[in-house]
Structure formats: structure tokens, C-alpha cells
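Here are my notes on the model you asked me to look over. I hope they help you find your way around.

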Amino acid sequence: MSVDADREAVYAAERAAVDGTDLEAVRPLPDVRSLATAVVRGAWWPGPPVDVRAARSDALSSSASSASADSGDVVVVRIAASQCTVATIAHELAHALAGVDAGHGGVYRRAVLDVVEVLTNIDTTDRRGTLHAGQLSAAFSSAGLDVGERRWSAPSSGISGPIAL
């Protein structure tokens, strides 16, 4: 059995939830980096520092990996040009939050739902973030993928306005 047995099922559920939405629009890397910075430097972020970089020019996929920095551990996110989207940065930030060694299990799925909410909106006047997270949660459920317990505090409903959209 694979260490990350749910990987392909999670990818399929994420595609089902976000394909055709604004989360899949390819954006310039500085825009995606700015989104990640807004989340990581925001009041809610309970994870490690994150450094977003461009992946190699021939890279077909994005990734998150642990690295050491002078000030401690940092997660390096490499974004492939074809995947420079809100959905991809949410996916990679979720790896940073859950732990890059956690794979795509239940804790990762909890993390990506929280990150999607924070990235897209938790404003009580415009529930698109809740809608996107709800679509993703439903896709996980339809695929038989459980969502784990948080190892961090829930995003505050006091966070307002979309970071992305």
C-alpha cells in the first residue's frame, strides 16, 4: 500500500470541485505569491513560513517541500507555470499547514478546506469562500474521502473580504 494512498482520489475530487471555477484561472506568479503571502502573514495562519517560487521552466506540476532557513523551518512551494492558480496555491499551502510529510490524508483535506475558505472569502455578506469550500467538501465526501480533525484553530468568521477572486 502506498504511503500516500489517497493522492489520486484527492486530485480527482479537487478537480471535480474547482474545474470551471475562478479558482482554476491561470494568473501571473507574483499574483499567486501575493495570495500566499496574504494567507501566511494573516491573523489566522497557524503554519510555518512559506516561500513561493517558480518551478523549473519544464516542470509540469507544483510541489511543497520542507527546508531549513536561518530562522527555522520554512516550506518552499514551487509553482509550475501551467498551475499558477488559486486552486494550486491552496493545495500547496494546505501541505504546509498539514505538514509536507502528511500526504493527502484526512488532515491535509481539513487543511485545504480551511485554506480555501481563507483564500476565497469568509465574509458574511459574500459566502463564495464557503461555497468553494463546500463544493470541495462535497467532492471529498462523494469520493469517500474523510476529512480529519484540525490540529490548529479554525479560521475566524471575523476574517472578511476575499483575498482571491
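The points below go from the overall fold to the pocket, a group of histidines and the nonpolar core.

1. **What we are looking at.** Please keep in mind that this is a predicted model. The protein has 5 helices and 3 strands, and along the sequence these follow the pattern α-α-β-β-β-α-α-α. Of its 165 residues, 44% are buried. Among contacts with a separation of 6 or more, 69% are between residues 24 or more positions apart.

2. **The largest pocket.** You may want to start here: the largest pocket holds about 610 Å³ of space. Its lining takes in 28 residues, and those nearest the centre are Tyr11, Glu14, Gln83, His91 and Glu92. Two or more lining residues come from each of helix H1 (7–18), strand S2 (63–69), helix H3 (86–98) and helix H4 (106–120). Which element gives the most to this lining? That is H3, with 6 residues.

3. **Character of the lining.** By residue class, the lining of the largest pocket splits into 10 nonpolar, 11 polar and 7 charged residues.

4. **Histidine 91.** This residue, one of those nearest the pocket centre, sits in helix H3. Is histidine 91 buried or exposed? Its relative accessible area is 8%, and the limit for buried is under 20%, so histidine 91 counts as buried. Its side chain makes polar contacts with the side chains of histidine 95, at 3.1 Å, and histidine 104, at 3.3 Å. Leaving out residues up to four places away in sequence, histidine 91 touches Tyr11, Glu14, His104, Tyr108 and Val112.

5. **Histidine 104.** Moving on to the partner just mentioned, histidine 104 is found in the loop between H3 and H4. With a relative accessible area of 4%, histidine 104 is buried. Which side chains does it meet in polar contacts, besides that of histidine 91? One is the side chain of aspartate 4, at 2.6 Å, and another is that of histidine 95, at 3.2 Å. Taken with the contact between histidines 91 and 95, and the one between histidines 91 and 104, this links the three histidine side chains pair by pair. Beyond four places in sequence, the contacts of histidine 104 are Asp4, Asp6, Arg7, Val10, Tyr11, His91, His95 and Arg109.

6. **Glutamate 92.** Glutamate 92 is also listed among the residues nearest the pocket centre, and it belongs to helix H3. Its relative accessibility is 5%, so glutamate 92 counts as buried. Outside its neighbours within four places in sequence, glutamate 92 is in contact with Ser62, Ser63, Ala64, Val77 and Ile79. For a sense of the packing along the chain, its C-alpha atom is 9.5 Å from that of alanine 36, although the two are 56 residues apart in sequence.

7. **The nonpolar core.** In soluble globular proteins, nonpolar side chains tend to be buried together. Here the largest nonpolar core has 43 residues, and Trp45, Val50, Ile89 and Leu93 touch the most other members. At least two core residues come from each of H1, helix H2 (29–40), strand S1 (50–54), strand S3 (72–79), H3, H4 and helix H5 (128–142). Where does valine 50 make its contacts beyond four places in sequence? They are with Val40, Trp45, Val74, Val75, Val77, Leu93 and Ala96.

Note on methods. Residues are numbered from 1 along each chain as its sequence is written. This is a predicted model: local features need pLDDT of at least 70, side-chain atom pairs count only at pLDDT 80 or more; totals for chains, interfaces and linings use all residues. Side-chain values use heavy atoms; hydrogens and water are left out. On a 1 Å grid over the protein atoms alone, a cavity is a set of points where a 1.4 Å probe fits but cannot get out, and a pocket is an open set with protein on both sides within 12 Å along at least five of seven lines; lining residues have an atom within 4 Å of a point. Grid points are joined across faces, edges and corners, and a volume is the space filled by probe spheres set on the points. Helices (H or I, at least four residues) and strands (E, at least two) are DSSP runs, numbered from the N terminus. Ala, Val, Leu, Ile, Met, Phe, Trp, Tyr, Cys and Pro count as nonpolar, Asp, Glu, Lys and Arg as charged, and the others, Gly among them, as polar. Buried means under 20% relative accessible area, exposed over 50%, partly exposed in between (1.4 Å probe, protein chains only). A polar contact is a pair of N or O atoms within 3.5 Å; within protein, one must be able to donate a hydrogen and the other to accept it, and residues adjacent in sequence count only if both atoms are side-chain atoms. Contact means heavy atoms within 4.5 Å. A nonpolar core is a set of buried Ala, Val, Leu, Ile, Met, Phe, Trp, Tyr and Cys residues joined through side-chain atoms within 4.5 Å.
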